[in-house]
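Hi,

Here is the structure I promised to pass on. Have a look at it first, and then read my notes underneath.

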Amino acid sequence: MNYWTVIPAAGQGKRMNAGISKQWIELLGKPVLAHTLDVFEKDPACAGIILVGSEQELQQMQNFVQTFQYTKVRQIVPGGEERQQSVYEGLKKVPEDADLVLVHDAARPFITIDSIGQLVNKAVDTGSAVLAVPVKDTVKRVVQHQVEETIDRSSLWAVQTPQAFRLSIVKRAHEEADSDGYLGTDDASLVERIGETVAIVMGDYHNIKLTTSDDLLYGQAILLERQG
Ligand code: CTP
Ligand code: MG
């Protein structure tokens, strides 16, 4: 089934501390945003992309999309203070007749068409699905540098993007979160709180989010491995 994609790219990359926002950092000579957009541009099932940028970077983003000739980027819209607001602004621009929408962070450039396909198939069946991988580390709840609790790892999954939803579900979830003043760390959490079930699809450990500078080292290694 065809899907639309909202790509939030309006953050400042504070934890990366690179002096520029993360999507402009180059990996093997290509900006992170290009790595990310290439995947959706190439996927025949992707019907259109709404790109969300910060107000100050909108012009830069327009130029970038033109230079790289991303034909599927239908609109570039200004984001908000928080990621959730940026996604909400993007969702408002997805055509009403779209059935399925994916939300995918610009800062996760190692996503594959294969993973997207598996996610889409699941979301078509269930309404909402996310990519995730089992947590490898032992996770403890800590208060003031003291362990409060060791959490049973067998039920813990680290959730990634893309996250895929029926458009009507994720729009309602964002509308309700907005009117309730609820701020979540991903889109699925907003969907969960309106009582919808969210399915998990096994993701790929390479689908990392570039967050701190050490992720760039790993990211380069992933690209080199894929180049063969
Ligand atoms: N994002 C966004 N609008 C915001 C904040 C984040 O569109 N107000 C986007 C980022 O551009 C990124 C994705 O959401 O592609 C995931 O967010 P994160 O990894 O937190 O990126 P930043 O917010 O840029 O980084 P930091 O939190 O370190 O400042
Ligand atoms: Mg952030």
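Below is what I found, going from the overall fold to the sheet, the helices and the ligand.

One thing to keep in mind throughout: this is a predicted model.

**Overall picture**

The protein has 7 helices and 11 strands. Its radius of gyration is 17 Å, close to the 17 Å that the globule rule gives for 228 residues, so the protein is as compact as a globular protein of that length. If you want a feel for the dimensions, the C-alpha atoms fill a box of roughly 50 × 40 × 35 Å along the principal axes. Of the 228 residues, 38% count as buried. Looking at contacts with a separation of 6 or more, 71% of them come from residues 24 or more positions apart.

**The sheet**

Try tracing the open sheet next. It is built from 7 strands, in the order β5-β4-β1-β6-β10-β7-β11, and the pairing is mixed. The edges are β5 (73-78) and β11 (199-202), each of which pairs on one side only. On average, neighbouring strands here are turned by 25° against each other, ignoring direction. As a reminder, strands of a sheet pair through backbone hydrogen bonds, in either a parallel or an antiparallel way.

A good place to zoom in is β6, residues 100-103. With β1 it pairs in the parallel sense over 3 bridges, while with β10 (residues 157-166) β6 pairs in the antiparallel sense over 4 bridges. You can follow this through Val101: it is the bridge partner of Trp4, and in β10 the bridge partner of Val101 is Phe165. And which way do the residues of β6 point? Leu100 and Leu102 point one way, Val101 and Val103 point the other way, and all of them are buried.

For a contrast, look at Lys30, which lies in strand β3 (residues 30-31). Lys30 is partly exposed, with 13 other C-beta atoms within 10 Å, whereas a residue needs 20 or more to count as buried. Lys30 and Trp4 are 26 residues apart along the chain, and their C-alpha atoms are separated by 24 Å.

**Two helices on the strands**

α3 lies across β1, β4 (46-53), β5 and β6, and runs at about 145° to β1. Is α3 mostly covered or mostly uncovered? Mostly covered: 7 of its 9 residues are buried. Those are Arg83, Gln84, Ser86, Val87, Tyr88, Gly90 and Leu91. The cover over these buried residues includes β1, β4, β5 and β6, along with α5 (167-180) and α6 (187-192).

The other helix to look at is α4 (residues 113-126). It lies across β1, β6, β7 (128-134), β10 and β11, and runs at about 135° to β7.

**The ligand**

Finally, what surrounds ligand 1? There are 23 residues around it, and the closest are Pro8, Gly11, Lys14, Arg15 and Ser86. The elements that give two or more residues to this shell are β1 (3-9) and α3 (83-91). Ser86 links two parts of these notes, being one of the buried residues of α3 and among the closest to ligand 1. By class, the shell has 7 nonpolar, 8 polar and 8 charged residues.

Shout if you would like to go through any of this together.

Cheers

How values were computed:
Residues numbered from 1 in each chain as written. Chains lettered and ligands numbered in written order. Predicted model: local features only at pLDDT ≥ 70, side-chain atom pairs only at ≥ 80, totals over all residues. Rg over C-alpha atoms; globule rule 2.2 N^0.38 Å. Buried ≥ 20, exposed ≤ 12 C-beta atoms within 10 Å, placed from the backbone. Contact = placed C-beta atoms within 7 Å. Near = placed C-beta within 6 Å. Nonpolar A, V, L, I, M, F, W, Y, C, P; charged D, E, K, R; others polar. Pairing = 2+ DSSP bridges. Axes fitted to C-alpha atoms, helices over the stretch in contact; angles between N-to-C directions.
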